[in-house]
Amino acid sequence: MYRFRRLRRDERIRSLMQETRLHPKDFIYPIFVIEGQNCKNPVESMPGIFQYSIDRLDEILEQVQAADIGGIMLFGIPDHKDPEGSQAYAKDGVTQRAVRYIKQNYPQIYIVVDVCLCEYTSHGHCGMVCGEEILNDETLPYLVKMAVSLVEAGADMAAPSDMMDGRVAAIREGLDQAGFIQTPIMAYSAKFASAYYGPFRDAAQSAPGFGDRKSYQMDCANGQEALREIRADIEEGADIVMVKPALAYLDVLKEAAMTFDMPLAVYNVSGEYAMVKAAAAKGWIDERKIVLENLTAMKRAGARIIITYHALDAARWMAD
Ligand code: PBG
Ligand code: ZN
């Protein structure tokens, strides 16, 4: 009989045997930025998450810095939305101003920007629209403009989440031409059309005004197609590839980890966060244990980077 239990006898040996260990630097913390002054609006479906105006960002940025979190992911929500999402690439757009503010006042914080038009378009889709169709190639120049404009403002990394074909190559070329050859791209490569994004669309006011996102985001039934999407993004020049959401797609993450010798990110999305928070508020689960177990599972499955709304709490729990 093999005695597995020899290596589980007490905390000291269990700790020595631990294969996967979380660190706050594994995490990227998403932050929602809105226009206006002195605003800190709670997102109802995401307890503990707020929309901040730029003048109120200090509070959260100081926590990110103190907790030694790996980076932040910025989502800007403009007051003015139009069919072309013009605030996404306006020099003085809310996201550009937020990036400049953070870069100037918190130069140590690594700033990732989500590159997608849905928070900026009046129709709420991630690309240009003609009738009911979401256009692909016509969208690419807008995404390029957005990425370049945010990197010019000081963003450290661009993360396209729109799921248009060819956007990684287009953004890579645009960044290179603008002189940003050293700015990495983290591609939302296998991004599924998921009901788990529900709470985010409240937070980012980005729900599509008609139809859904199924003509550009992936069918949750398709694991093989996910690998093809990831391969295409690698070939187009992505530096990091992502699987999103996390928990229901750990099989995809694991397979990607075994197939590609590339850094992988996973997005532990809003609906996953909301479910844990709701059950914890009811007293039905132990939030701290559940969160650390979930995050450990994501890292065990192959994620180098975990984008998570739990980042600050998890970092605190890991410290004590
Ligand atoms: C923008 C974007 C979305 C998320 C990240 N970037 C929403 C969507 O695709 O509808 C989801 C994040 C989350 O649910 O936490 N395209
Ligand atoms: Zn989008």
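Guide: One definition to start with: a residue is exposed when its relative accessible area is over 50%, buried when that area is under 20%, and partly exposed in between. Keep in mind too that this is a predicted model.

Visitor: Okay, let's try that on N38: is it buried or exposed?
Guide: N38 sits in the loop between β1 and β2 (40-42). Its relative accessibility comes to 54%. The cut-off for the top class is over 50%, so N38 counts as exposed.

Visitor: And what's the phi of N38?
Guide: Look at the loop between β1 and β2, where N38 is placed. N38 isn't a glycine, yet its phi is positive, at about 55°.

Visitor: M163 isn't a glycine either and has a positive phi, but is M163 buried or exposed?
Guide: You'll find M163 in the loop that runs between β8 (157-160) and α5 (167-177). Its phi is about 70°. The relative accessible area of M163 is 3%, and the limit for the lowest class is under 20%, so M163 is buried.

Visitor: Which residues are joined by a cis peptide bond?
Guide: Go to the loop between β10 (240-244) and α8 (250-259), where P245 is found. Omega there is about -5°. The two residues joined by that cis bond are K244 and P245.

Visitor: Let's turn to ligand 1: how many residues surround it?
Guide: The closest ones are K191, R201, K244, S270 and Y309. K244 is also one partner in the cis peptide bond with P245. Altogether, the number of residues surrounding ligand 1 is 20.

Visitor: How many residues of that shell around ligand 1 are nonpolar?
Guide: The shell around ligand 1 has three polar residues and six charged ones. The nonpolar residues in that shell number eleven.

Visitor: Which elements each supply at least two residues of the shell around ligand 1?
Guide: One covers residues 186-191 and the other covers 198-203. K191 and R201, both among the closest residues to ligand 1, fall in those ranges. The elements are β9 and α6.

Visitor: Which side chain has an N or O atom 3.0 Å from an oxygen atom of ligand 1?
Guide: Two side chains face nitrogen atoms of the ligand instead: D114 has an N or O atom 3.3 Å from a nitrogen atom of ligand 1, and S161 gives 3.3 Å to a nitrogen as well. The oxygen at 3.0 Å pairs with the side chain of R213.

Visitor: How much of the accessible area of ligand 1 does the protein cover?
Guide: On its own, ligand 1 has 400 Å² of accessible area. The space taken by ligand 1 is the largest cavity. The share of that area covered by the protein is 100%.

Visitor: Now some pairs far apart in sequence: what's the C-alpha to C-alpha distance between I31 and T308?
Guide: I31 belongs to strand β1 (residues 27-34) and is buried, with 2% relative accessibility. Along the sequence, I31 and T308 are 277 residues apart. In space, their C-alpha atoms are separated by 10 Å.

Visitor: Which residue is 78 residues from E133 in sequence and 9.7 Å away in space?
Guide: E133 is in strand β7 (residues 133-134). E133 is exposed, with a relative accessible area of 52%. Its partner at 9.7 Å, C-alpha to C-alpha, is G211.

Visitor: What separates the C-alpha atoms of L227 and E255?
Guide: L227 is in helix α7 (residues 223-236), and its 11% relative accessibility makes it buried. The two residues are 28 apart along the chain. Their C-alpha atoms are separated by 8.0 Å.

Visitor: Last one: what class does K145 fall into for accessibility?
Guide: K145 is placed in helix α4 (residues 140-153). Its C-alpha is 9.0 Å from that of A90, 55 residues away along the chain. With a relative accessible area of 42%, K145 is partly exposed.

Conventions. Residues numbered from 1 in each chain as written. Chains lettered and ligands numbered in written order. Predicted model: local features only at pLDDT ≥ 70, side-chain atom pairs only at ≥ 80, totals over all residues. Heavy atoms only, no water. Near = heavy atom within 4 Å. Polar contact = N/O pair within 3.5 Å; in protein donor to acceptor, adjacent residues only side chain to side chain. Areas by Shrake-Rupley, 256 points an atom, 1.4 Å probe, with all protein chains shown as cover. 1 Å grid on protein atoms, 1.4 Å probe; cavity = no way out; pocket = protein on both sides within 12 Å on 5 of 7 lines; lining within 4 Å. Sits in = over half its atoms within 2 Å of the grid points. Helix = DSSP H or I, 4+ residues; strand = E, 2+ residues; numbered from the N terminus. Nonpolar A, V, L, I, M, F, W, Y, C, P; charged D, E, K, R; others polar. Buried < 20%, exposed > 50% of the residue type's maximum accessible area, 1.4 Å probe, protein only.
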